[in-house]
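Hi,

Here is the structure I promised to pass on. Have a look at it first, and then read on for what turned up.

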Amino acid sequence: MSVLSKLIRHKPVEQLQAEAGKRGDFRRVLGLWQLTAIGIGGIIGVGVFVLAGQQAALNAGPAVALSFLIAGIASAAAALCYAEFAGMIPVTGSAYTYGYAVLGELAAWLIGWDLLLEYALIVAVVAIGWAGYVQAALSTLGIHLPAWAQGAIGTGEGHVFNVIAALVTLGVSALLIFRTEWGARFNTLVVVVKVLAVALVIGVGVFYVDPSRWTPFIPARVVGADGVGHFGFQGVATAAAVVFFAVFGYDTLTTAAEESKNPQRDLPRAVLLSLGISMTMYLAVSMVLTGIAHYTTLNTDAPVADAFKGLGLHWVALTVSVSAVFGLISVLFAFMLGATRIWFALARDGLLPGWFAKVHPRYGTPHRPTVVLGVFTALVAGLFPLDEVAKLVNIGVLSAFIVICTSIIVLRVRKPHLQRAFRTPWVPLVPLIGIAFSIWLLSELPLATWELFVVWTSLGLLAYFGYGIRHSRLEQH
């Protein structure tokens with residue numbers, strides 16, 4: 001077999017469909033609502049508690065709701081494509097597995113390799129943010145950590161290591177090592193708390209809304225002394241680019257395909273349900289938040305809580321803050337689960353050492369990659385500042401969106417009569433919308449993100465040509 005043939009070899013969709021029901025690596029324990037909770041857990045986080053207010057103040061004004069709507073449409077285009085693949089190929093690995101079936105081994109390896117880093121870095125970013133909330137809460141109780149344990153070097157005097165951020169990533173990885181249903185039940189409970197907190201914001205806030213605060217809905221464009229523009233429709237678009245990163249996360253639930261009781265039915269539903277529920281909450285919170293406080297006052301670290309403090313409703317502010325602390329754990333859970341399942345899939349296909357493709361004999365979980373990723377994310381969260389890690393995320397997820405949307409178009413042409421439990425509507429229009437938005441957002445990412453992408457991809461190519469291409473399961477056939 002020539003080198004080129006090896007690079008584009010792929011797993012036939014029909015073979016993956018036939019094998020899906022026979023695989024016994026994982027225990028099938030997740031139902032529709034547990035899968036949906038994983039998706040909501042991955043989506044709802046800093047977007048609803050922080051970004052909605054900050055982007056209203058900085059770029060969009062009351063039209064931040066329109067920014068979420070634009071971002072939601074773009075994300076929905078990719079979600080519809082994910083839903084088709086999830087119902088058609090119910091195998092763990094998400095975008096990596098889908099790319100393997102359509103675009104070939106090298107493309108699949110690169111997207112799996114990039115997602116592995118992206119998901120791990122997202123875990124680290126959220127853990128650092130979570131640690132900030134917890135330390136603030138502890139300080140109100142008069143509890144203070146030693147200076148060396150409060151944060152990474154460069155984040156404050158005497159800071160050496162962010163102990164709380166490291167501990168929460170280790171805790172989530174330990175949760176994922178035990179039975180999947182135990183972690184899923186805990187995650188579902190956390191998501192319910194988070195959803196109830198959002199419902200409280202909407203339900204109480206709606207009685208304090210002053211419609212005059214929504215006028216003008218799109219503030220006039222202004223340019224600051226630094227030459228940076230704000231507001232106007234361009235500001236709405238800028239805010240849409242920022243909040244787009246708060247409206248994906250549903251892709252993580254597709255990595256649990258082999259742990260789903262009825263994947264072909266439940267995975268597509270869970271993808272669309274999680275995005276639909278999350279978008280409804282984002283739009284409602286955006287309107288309520290800009291209705292109870294003037295948008296110019298919302299550029300704070302906790303805009304939702306601060307808006308209710310301004311109304312004198314301190315009990316709502318406290319409830320929201322506590323819920324945000326607990327709610328972020330579900331984001332950690334979703335992305336850690338996604339990273340470990342992709343690592344397992346890469347190892348099972350022979351592209352990484354098979355030692356990682358063994359499940360725990362008692363708990364039935366991929367414990368080995370979970371331990372490694374737990375330690376890695378703990379070190380990143382403990383040693384690096386939030387802004388430095390945050391710059392590096394999202395490029396892999398956007399690349400995965402392009403792969404998924406492109407693959408839907410290719411597969412519709414190549415195999416139009418293939419059995420599909422869910423069909424993406426208006427192909428190729430919907431996938432092209434997803435591709436266009438992803439390319440636009442990729443162009444908006446900072447240079448540091450692209451530099452890491454090049455370095456990490458280069459390492460991935462070395463790993464593939466040094467190991468994966470020779471040990472691939474397809475090489476053995």
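Let's start inside, with the second largest cavity: its lining has seven nonpolar residues, one polar and no charged. Keep in mind that this is a predicted model. The residues around that space are Phe 49, Tyr 133, Ala 302, Val 304, Ala 305, Val 320, Ser 321 and Ala 324. Helix 12 (303-310) and helix 13 each bring at least two of them, and helix 13 has the largest share, with three residues. The space itself comes to about 40 Å³.

How many cavities of 30 Å³ or more are there? The count is three. The largest has a volume of about 60 Å³, and ten residues line it. Lys 11, Val 91, Thr 92, Thr 97 and Asp 349 are the ones nearest its centre. By class, this lining is a mix of four nonpolar, two polar and four charged residues. Helix 6 (95-102) and helix 13 (314-348) each supply at least two lining residues, with helix 6 giving the largest share, three.

Now for the outside. Leu 167, Leu 170, Val 371, Val 375, Leu 379, Leu 383 and Phe 384 make up a nonpolar patch on the surface, and together they have about 610 Å² of accessible area. Helix 8 (163-177) and helix 14 (367-383) each put in at least two residues, and helix 14 contributes the most, with four.

Try finding Leu 170 in helix 8. Its relative accessible area is 36%, so Leu 170 counts as partly exposed, a label for values between 20% and 50%.

Cheers

Terms used
Residues are numbered from 1 along each chain as its sequence is written. This is a predicted model: local features need pLDDT of at least 70, side-chain atom pairs count only at pLDDT 80 or more; totals for chains, interfaces and linings use all residues. Side-chain values use heavy atoms; hydrogens and water are left out. Patches are made of residues with over 30% relative accessible area and no salt bridge: like charges are joined within 9 Å, nonpolar side chains (Val, Leu, Ile, Met, Phe, Trp, Tyr) within 5 Å. Accessible areas come from the Shrake-Rupley method with a 1.4 Å probe; for residues, only the protein chains shown count as cover. A salt bridge is a side-chain nitrogen of Lys or Arg within 4 Å of a carboxyl oxygen of Asp or Glu. Buried means under 20% relative accessible area, exposed over 50%, partly exposed in between (1.4 Å probe, protein chains only). On a 1 Å grid over the protein atoms alone, a cavity is a set of points where a 1.4 Å probe fits but cannot get out, and a pocket is an open set with protein on both sides within 12 Å along at least five of seven lines; lining residues have an atom within 4 Å of a point. Grid points are joined across faces, edges and corners, and a volume is the space filled by probe spheres set on the points. Ala, Val, Leu, Ile, Met, Phe, Trp, Tyr, Cys and Pro count as nonpolar, Asp, Glu, Lys and Arg as charged, and the others, Gly among them, as polar.
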